[in-house]
Amino acid sequence: MSHNGSGTENGAGGAVDLSDRSLTNEQILTEGLRRDDIEIVHYESAYPVPGTKAERRMERIVALMFLVSGAAAVAFVGIYIWGPFKPEYTFGADAYDLYTPLLGATLGLSLLAIGMGVLTYGKKLLPHEIAIQDRHDGGSTEEDRTIAVGTLGFIGNELGVQRRPLIKATLGLGGLGLGLAAAAVPIGMLIKSPHPSDNNPADPYFETGFNKDRFNDGKPVRLVREDYSPIKPEDVSVGGQMTAFPGVPGGTTNEFADSPVLLIHLRDEDAAALRSNLWRYSKNAMTVAGDPNSGAMWNSFVAYSKICTHAGCPASLYEQQTNRLLCPCHQSQFLITDNAKPVFGPATRRLPMLPITVDDEGYLVAERDFGVAVGPAFWERPTQ
Ligand code: FES
């Protein structure tokens with residue numbers, strides 16, 4: 001085709017009758033260019049002679065990229081559904097270590113391949129064109145809209161996908177694979193359950209390493225440092241705090257990533273304020289079902305989950321003077337003397353408190369697991 005536009009008016013009618021159904025998309029496009037004062041200053045087919053060896057080779061390269069994209073996306077779906085999934089994560093222990101990297105690699109490869117395929121198609125197989133247009137104000141007339149539709153139809157033809165069945169088929173396959181990958185996550189949630197089963201008795205959403213029955217033969221679990229040394233009350237000075245982990249095998253590893261607590265030694269007056277607030281919430285039934293926090297303090301010591309109830313970051317910046325615990329991710333603040341009530345930021349739920357006491361040897365232990373699920377919300381989480 002020839003592309004020469006020298007417009008005389010903007011969408012107010014022209015030499016060509018656009019209601020004529022016999023007009024081709026190319027004729028409509030040409031009229032549109034003329035009316036829109038668009039001038040094509042350069043137009044060159046990538047392959048002036050269709051069907052040459054070079055064009056076929058380029059088609060095969062693009063088709064290969066689409067195929068790779070589709071295959072990688074299908075691999076993603078397969079790994080997502082049948083991969084070595086298990087909710088307890090122990091790095092270096094087994095094939096599960098590869099689960100997440102493989103998901104990322106396959107989906108990344110799929111997106112990369114389809115992106116490169118589309119780019120290569122646009123750069124190597126589509127005509128090269130430079131157009132110049134003067135801008136004008138106002139909305140579009142009916143005729144302009146007809147032109148826009150005709151133009152899109154023309155572009156569709158010019159893309160040449162119809163006459164390149166290999167690319168059409170492989171693009172369809174690539175798109176299908178990516179569609180499957182996009183659907184895998186919501187569908188996969190219906191296939192897999194992270195809740196307890198015969199094969200997997202743990203319930204990671206509702207229990208932590210302080211569950212004495214599951215992890216410590218029914219004996220209260222000690223609070224330990226990162227090196228597993230147990231903690232005595234005198235190890236934490238007044239107004240001080242310390243991160244504590246469950247003293248069970250693997251208790252300081254990622255296997256129990258949701259278990260850490262911030263052990264705080266409150267000043268006497270702050271401890272009294274917290275104790276009276278706990279009593280108040282208990283009376284008003286404002287706290288969680290079963291009032292898990294009443295009696296959960298030991299003297300002036302309190303242990304709150306470090307897992308922010310907003311999105312699960314570690315909330316561990318404790319400001320001693322104000323008794324506020326700050327989560328650095330989105331600046332939620334929890335007022336410790338008011339039972340870790342969120343007083344600033346996006347978090348809406350209190351931090352769960354771990355019921356603590358001391359054992360016969362004077363070490364701090366958890367009497368039982370948290371009374372509620374720690375961390376951010378999830379679908380099955382009971383309302384508080
Ligand atoms: Fe703590 Fe968002 S994760 S404020």
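**Helices and strands of a predicted model**

Colleague: What makes helix α1 (residues 25-35) mostly covered?

Modeller: Eight of the 11 residues of α1 are buried. The model is predicted, and a residue counts as buried in it if 20 or more other C-beta atoms lie within 10 Å of its own. The residues of α1 that meet this are I28, L29, T30, E31, G32, L33, R34 and R35.

Colleague: Against which elements do the buried residues of α1 pack?

Modeller: They pack against β1 (38-44) and α4 (142-159). As for the chain just after the helix, α1 is followed by D37, which has a positive phi, near 55 degrees.

Colleague: Why are α1 and α4 called oblique to each other?

Modeller: Their axes come within 8 Å and cross at roughly 125 degrees. An angle under 35 degrees would count as roughly parallel, one over 145 as roughly antiparallel, and one from 65 to 115 as roughly perpendicular. The value fits none of these ranges, so α1 and α4 are oblique. The crossing of the two helices is left-handed.

Colleague: Which residues make the contact between α1 and α4?

Modeller: On the α1 side they are N25, E26, I28, L29, E31, G32 and R35. On the α4 side they are I147, G150, T151, G153, F154 and N157. By class, this contact of α1 with α4 has four nonpolar, six polar and three charged residues. Gly counts as polar here, and G32 of α1 as well as G150 and G153 of α4 take part in the contact.

Colleague: How do you know that α2 and α3 are roughly antiparallel to each other?

Modeller: The axes of helix α2 (residues 53-82) and helix α3 (residues 99-125) cross at roughly 160 degrees and come within 8 Å. Roughly antiparallel needs an angle over 145 degrees, and the crossing angle is therefore enough for that name. α2 passes α3 in a left-handed crossing. The residues of their contact divide into 21 nonpolar, five polar and one charged.

Colleague: What makes strands β3 and β13 a pair?

Modeller: Two strands pair if at least two bridges are found between them. Strand β3 (residues 221-224) and strand β13 (residues 364-366) have two bridges, in the antiparallel sense. One position can be picked out: the bridge partner of R222 is V365 in β13.

Colleague: How many bridges join β3 to β4?

Modeller: Two bridges join β3 to strand β4 (residues 241-246), and the two run antiparallel. V224 stands opposite F245 in β4. The number of bridges again meets the requirement of at least two, so β3 pairs with β4.

Colleague: Why are β7 and β10 called edge strands?

Modeller: They belong to an open sheet of four strands in the order β7-β8-β9-β10, with antiparallel pairing. β7 (317-319) and β10 (341-344) each pair on one side only, and this makes them the edges. Neighbouring strands of this sheet are turned by 35 degrees against each other on average, direction ignored.

Colleague: How do you know that β7 pairs with β8?

Modeller: Three bridges join β7 to strand β8 (residues 324-326), and the sense is antiparallel. With at least two required, the two strands therefore count as paired. In β8, L325 is the bridge partner of Y318.

Colleague: What are the totals for the chain?

Modeller: The chain has seven helices and 13 strands. Of its 384 residues, 31% are buried. Among the contacts with a separation of 6 or more, 66% are between residues 24 or more positions apart.

Methods: Residues are numbered from 1 along each chain as its sequence is written. This is a predicted model: local features need pLDDT of at least 70, side-chain atom pairs count only at pLDDT 80 or more; totals for chains, interfaces and linings use all residues. A residue is buried if 20 or more other C-beta atoms lie within 10 Å of its own, exposed if 12 or fewer, and partly exposed in between; C-beta atoms are placed from the backbone. Two residues are in contact if their C-beta atoms, placed from the backbone, lie within 7 Å. Axes are lines fitted to C-alpha atoms, for helices over the stretch in contact, and angles run from 0 to 180 degrees between N-to-C directions. A crossing is left-handed if the near helix is turned anticlockwise from the far one by less than a right angle, and right-handed if clockwise.
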